[in-house]
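I open my notebook on a new structure. I will look things up one at a time and write down what I find.

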Amino acid sequence: MNVDFDFERMETLLRYFYRISGVRYSLLDMHGEVACYSSEMTPFCHKMNQSKEGHARCTQCDADAVEEVKKLSSGYLMYQCHAGLVEVIMPVRQHGKVLAYIMFGQIVSGENPSDHWNQV
């Protein structure tokens, strides 16, 4: 069975999703390597990634999420990143084979986002 995934078409769809929702995305290949991502980070995440330690924690958190979602037989993984923000990762499958992963994130949860940002 030959399975081919069109990363360019998916990136186009994700860009539209980002424009209408403002939710950041990353598209990863089947090995968890970044193929494309929305160009903007939240100001908080941008600041976090400016330090070596902060960037390392973000990178490790994403890698851990990929490994965790690989263990699931279907569905998605919603988790809280190391900095307290909500992120989601889901595999893109065809005929049971994982072709890629889509990550959405940097979302604050709760009824009062301002309070959550202050807590983070």
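**Entry 1: cysteines**

I start with Cys 36, in a model that is predicted. Cys 36 is buried, because its relative accessible area is 8%, under the 20% limit. Next I look up Cys 61. Cys 61 takes part in no disulfide. The nearest cysteine sulfur belongs to Cys 81 and is 5.2 Å away. I note that two sulfurs must be within 2.5 Å to count as a disulfide, so this pair does not qualify. Cys 61 is also buried, at 13% relative accessibility. How many disulfides does the count give? It comes to zero.

**Entry 2: strand 1 and its partners**

I turn to strand 1, residues 24–29. Is strand 1 mostly covered or mostly open? It is mostly covered, with five of its six residues buried.

I look for its partners. One is strand 2, residues 34–37. The two run antiparallel and pair over three bridges. Here I meet Cys 36 again: it sits in strand 2, opposite Leu 27. Strands 1 and 2 form a hairpin, with four residues between them. Gly 32 lies in that turn and has a positive phi of about 90°.

Another partner is strand 5, residues 97–107. This pairing with strand 1 is antiparallel too, over six bridges. Which residue of strand 5 stands opposite Leu 28? I find Tyr 101 there.

I add a reminder from the textbook. In a regular strand, side chains alternate between the two faces of the sheet.

**Entry 3: nonpolar cores**

I look up the largest nonpolar core, which has 16 residues. Which of its members touch the most other members? They are Leu 28, Tyr 79, Cys 81, Ile 89, Tyr 101 and Met 103. So the facing pair Leu 28 and Tyr 101 turns up again in this list. Helix 3, strand 3 (77–80) and strand 5 each supply at least two residues of this core. Helix 3 gives the largest share, four residues.

Apart from this core lies another, of 13 residues. Among its members are Phe 5, Leu 27, Cys 36 and Ile 102. Leu 27 and Cys 36 are the pair I saw facing each other across strands 1 and 2.

I then check what Met 103 touches, leaving out residues up to four places away in sequence. Its contacts include Arg 24, Tyr 25, Ser 26 and Leu 28. They also include Asp 62, Ala 65, Tyr 79 and Ile 89.

**Entry 4: salt bridges**

How many salt bridges does the structure hold? It holds three. Side chains of opposite charge can pair when their charged atoms come close.

- Arg 57 and Glu 53 meet at 2.9 Å, N to O. They are four residues apart in helix 3 (residues 52–70), so about one helical turn separates them. Arg 57 is partly exposed at 47% relative accessibility, while Glu 53 is exposed at 52%.
- Glu 67 and Lys 70 meet at 3.3 Å, N to O. They are three residues apart in helix 3, so again the separation is about one helical turn. Glu 67 is partly exposed at 44%, and Lys 70 is partly exposed at 38%.
- Glu 68 and Lys 71 meet at 3.7 Å, N to O. Glu 68 is partly exposed at 37%, whereas Lys 71 is exposed at 64%.

**Entry 5: Asn 49**

I find Asn 49 in helix 2, residues 43–49. Is Asn 49 buried or exposed? Its relative accessible area is 19%, so it counts as buried. The limit is under 20%. Its side chain makes a polar contact with the side chain of His 55, at 2.7 Å. Leaving aside neighbours within four places in sequence, Asn 49 is in contact with Met 41, His 55 and Cys 58.

**Entry 6: Pro 91**

My last stop is Pro 91, in strand 4 (residues 86–94). Pro 91 is buried, at 10% relative accessibility. What does Pro 91 touch, not counting residues up to four places away in sequence? I list Val 69, Gly 75, Val 98, Ala 100 and Tyr 101. I also check Val 66, which is 25 residues from Pro 91 in sequence. In space their C-alpha atoms are 9.0 Å apart.

Definitions and conventions
Residues numbered from 1 in each chain as written. Predicted model: local features only at pLDDT ≥ 70, side-chain atom pairs only at ≥ 80, totals over all residues. Heavy atoms only, no water. Buried < 20%, exposed > 50% of the residue type's maximum accessible area, 1.4 Å probe, protein only. Pairing = 2+ DSSP bridges. Salt bridge = Lys/Arg side-chain N within 4 Å of Asp/Glu carboxyl O. Contact = heavy atoms within 4.5 Å. Polar contact = N/O pair within 3.5 Å; in protein donor to acceptor, adjacent residues only side chain to side chain. Core = buried A, V, L, I, M, F, W, Y, C linked by side-chain atoms within 4.5 Å.
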